[in-house]
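Student: Could you walk me through how the strands and helices of this protein fit together? I have the sequence and the structure open.

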Amino acid sequence: MKNQSNLMEWLNQVVGEPYYFFHFLAFFSYFIVRSSAANILSPQITQHLFHREIQAILAFLMLSAYKMVREETWEGFIADALFFGKIFLIALTLIMDYHLTLWYIVLFSVIYVIAQQPPFEKLGSSSKLTPLQLEALLTEGNTPRFWLVEFRASFSSGCRRASRCFPELSITYSNKNLSFGIVDLGLFPNAAEKFGISPGGSMGQLPTYILFENDTEVSRFPEFNFEETPTPPITTRLLARHFELDRLLLEYVNGK
C-alpha cells in the first residue's frame with residue numbers, strides 16, 4: 001500500500017506540477033520525432049542512431065544509479081536525472097539534424113524560465129517564522145534553549161534540492177531543548193543582511209543554517225569563509241554532524 005501511495009503521489013506531481021509535466025512532454029516528444037525520422041533518415045544513419053541510443057540509455061541508467069546512491073533527497077535525484085536526460089537527448093538529436101537540436105535547446109531554456117522545480121512542502125517538526133518571530137523566540141526565556149534555523153528562498157535551486165533535509169532532520173531531533181525554524185528570505189530579504197547571509201550572485205549562501213543558543217549564534221553552515229573551500233552537497237547527515245545534533249539530543253535525554 002505504501003508503494004502504491006508513493007506511485008500515486010509521483011504521478012500526481014508529474015501531472016500537476018508544470019516543471020515535471022513540461023519535461024515529460026519534452027522527452028515524450030522525442031519518441032514522436034524519432035518514429036517520424038525513421039522514414040526519412042538513411043539506413044546507415046538510422047543504424048548509427050540506434051547504437052547511440054542504446055549507449056545513451058546504458059550511460060543514463062549508470063549515472064542515475066550512482067546518483068540514487070549518493071543523493072539523499074528525491075528532489076536532488078530528479079534534478080540530476082533530468083540534467084543527464086537533457087544532455088543525452090540533445091546529443092542524440094545532433095545525429096538526426098542540428099535544427100532539431102536547436103529546437104530542444106530552446107525548449108529546455110523556456111521550461112527553465114517559466115517553471116521551477118517544486119520544493120518539498122512538508123515542514124516536519126519545524127516552524128515557518130518571520131524575522132520578528134525568530135527574534136522574539138530567541139530572546140524569550142521560556143522557549144527552547146537551542147534553535148536551529150534554515151534561511152532559504154524559493155528562487156534558489158540549492159534550496160529546492162535540499163528542501164527535504166531540514167524537515168526530516170527536525171522530526172528526528174526536535175525536543176524541548178531544541179527547536180527548528182525556517183525563515184524565507186524571498187519574503188523577508190532584509191533579514192539576510194541582519195544575519196550576515198549573501199542571498200544571490202556568485203557568492204550566494206542559500207540555504208544557510210544557523211544554530212542559536214538563546215540569542216547567541218553558536219554555529220552556521222556554510223561558514224563565512226565558505227568560498228575558500230567547496231561546500232559539499234547538503235544532506236541530513238552533514239547537518240547533523242556539523243551541528244552535533246546527536247550530542248545535543250543526548251544532553252537533553254540525560255537532563256543536562
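Student: In which sense do strand 2 and strand 3 pair?

Tutor: Good place to begin, keeping in mind that this is a predicted model. Strand 2 covers residues 146-152 and is linked to strand 3 over 7 bridges. Within this pair, Trp147 stands opposite Ser179, and Val149 stands opposite Gly181. The sense of the pairing is parallel.

Student: And which residue is the bridge partner of Lys128 in strand 3?

Tutor: Here we turn to strand 1, residues 127-129, which pairs with strand 3 in the parallel sense over 3 bridges. In strand 3, the partner of Lys128 is Ile182.

Student: How many of the residues of strand 3 are buried?

Tutor: Strand 3 spans residues 178-184 and is mostly covered. Buried here means under 20% relative accessible area. Of the 7 residues in strand 3, the number buried is 6.

Student: Which strands stand at the edges of the sheet?

Tutor: Let's lay out the order: the open sheet has 5 strands, arranged 1-3-2-4-5 with mixed pairing. A strand at the edge has a single partner strand, so one of its sides is left without a neighbour in the sheet. From one strand to the next, the twist averages 30°. The edge strands are strand 1 and strand 5.

Student: Which residue in the turn between strand 4 and strand 5 has a positive phi?

Tutor: Strand 4 (residues 208-213) and strand 5 (residues 216-221) pair in the antiparallel sense over 5 bridges. One of the bridges joins Glu213 to Thr216. The two strands form a hairpin with 2 residues between them. The turn residue with a positive phi, about 60°, is Asn214.

Student: At what angle does helix 6 run to strand 1?

Tutor: Helix 6, residues 131-139, lies across strand 1, strand 2, strand 3 and strand 4. Its angle to strand 1 is about 110°.

Student: Are helix 2 and helix 4 roughly parallel or roughly antiparallel?

Tutor: The axes of helix 2 (residues 18-37) and helix 4 (residues 74-96) come within 12 Å and cross at roughly 25°. Angles under 35 degrees count as roughly parallel. That is why helix 2 and helix 4 are roughly parallel.

Student: How many nonpolar residues does the contact of helix 2 with helix 4 have?

Tutor: The crossing of these two helices is left-handed. Helix 2 contributes residues including Tyr19, Phe27 and Val33, while those from helix 4 include Trp74, Leu82 and Met96. Alongside 3 polar and 1 charged residues, the nonpolar count is 12.

Methods:
Residues numbered from 1 in each chain as written. Predicted model: local features only at pLDDT ≥ 70, side-chain atom pairs only at ≥ 80, totals over all residues. Heavy atoms only, no water. Axes fitted to C-alpha atoms, helices over the stretch in contact; angles between N-to-C directions. Helix = DSSP H or I, 4+ residues; strand = E, 2+ residues; numbered from the N terminus. Parallel < 35°, antiparallel > 145°, perpendicular 65-115°, else oblique. Left-handed = near helix turned anticlockwise from the far one by under 90°. Contact = heavy atoms within 4.5 Å. Nonpolar A, V, L, I, M, F, W, Y, C, P; charged D, E, K, R; others polar. Pairing = 2+ DSSP bridges. Buried < 20%, exposed > 50% of the residue type's maximum accessible area, 1.4 Å probe, protein only.
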